[in-house]
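Reader: Hey, could you walk me through this one? I'm new to it.

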Amino acid sequence: WKPKKIFVVGLHRSGTSIIADLLKSHPRIAGHHIAAMPTELENEGQHLQRVFPPDDALGGPGYFAFNPLAHLTETSPLVTHENASQLDHEWGKHWDNRATYAVEKSPSSLLRMRFLQALFPDAYFLVILRHPVCTAYATYAWGTVHGGKHSLPPDAVVGFVEHWMAAHQILEAD
């Protein structure tokens, strides 16, 4: 059983979770839901696999697009039949095996679409774009909740806007 993949991509705090949840509510669409996963990881497939590094290993929310290792394309040595099978296996353990489609939602997949398309040629991609200032303030608020009130400097919002710009420049070039 190999469902057709639907990748919901967009930066952290851009609305990808709600879109993925809406898609998963359809009876023919499966998606990750792991009760034991910490809520801040938001049932993202990036945390359920061992093929590519997750956002946190690349700098985390608001930073990963500055890391050149975050941008994966069809030329990556990770594009192999074995890795496609491994992702199918690792993600598939968390999907309803009766579904026709399976949703995977991970923010940094915004910079991995060419890579994922090479692994899963029949996949769909749903790209969520939210205004950079809104995304930056939402990321800042999320970071202070999960990292502590004083975990981010006051000017972090400016850096998050710059991160949005960097990520979307890569997206546009792809």
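Author: Sure, here is a quick tour, from the whole chain down to a few helices. This is a predicted model, where local features need pLDDT of at least 70 and side-chain atom pairs count only at pLDDT 80 or more, while totals for chains, interfaces and linings use all residues. Residues are numbered from 1 along each chain as its sequence is written, and side-chain values use heavy atoms, with hydrogens and water left out.

Reader: How many helices and strands are there in the chain?

Author: The chain has 5 helices and 4 strands. Both are DSSP runs numbered from the N terminus: helices are H or I with at least four residues, strands are E with at least two. In sequence order the pattern reads β-α-β-α-β-α-β-α-α.

Reader: And how much of the chain counts as buried?

Author: Of its 174 residues, 47% are buried (under 20% relative accessible area, with exposed over 50% and partly exposed in between, using a 1.4 Å probe and protein chains only).

Reader: What does the C-alpha trace span?

Author: About 50 × 35 × 25 Å along its principal axes.

Reader: OK, helices now. Which residues of α4 are buried?

Author: Helix α4 covers residues 132–147, and its buried residues are Pro 132, Thr 135, Ala 136, Thr 139, Trp 142, Gly 143 and Thr 144.

Reader: What do they pack against?

Author: The buried residues of α4 pack against α5, residues 156–173.

Reader: And what covers the buried residues of α5?

Author: The cover includes α3 (113–119), β4 (124–127) and α4. Among the buried residues of α5 are Phe 160, His 163, Trp 164 and Leu 171.

Reader: What should α5 span, at 1.5 Å a residue?

Author: Its 18 residues should span 26 Å, and the end C-alpha atoms are 26 Å apart, so the two agree. The expected span is 1.5 Å times one less than the number of residues.

Reader: Switching topic: where is Ala 84 found?

Author: Ala 84 is in helix α2, residues 81–92.

Reader: Is Ala 84 buried or exposed?

Author: Ala 84 is buried, because its relative accessible area is 9%.

Reader: What does Ala 84 touch?

Author: Leaving out residues up to four places away in sequence, Ala 84 touches Leu 119 and Phe 120; contact means heavy atoms within 4.5 Å.

Reader: How are Ala 84 and Glu 172 separated?

Author: They are 88 residues apart along the chain, and their C-alpha atoms are separated by 25 Å.
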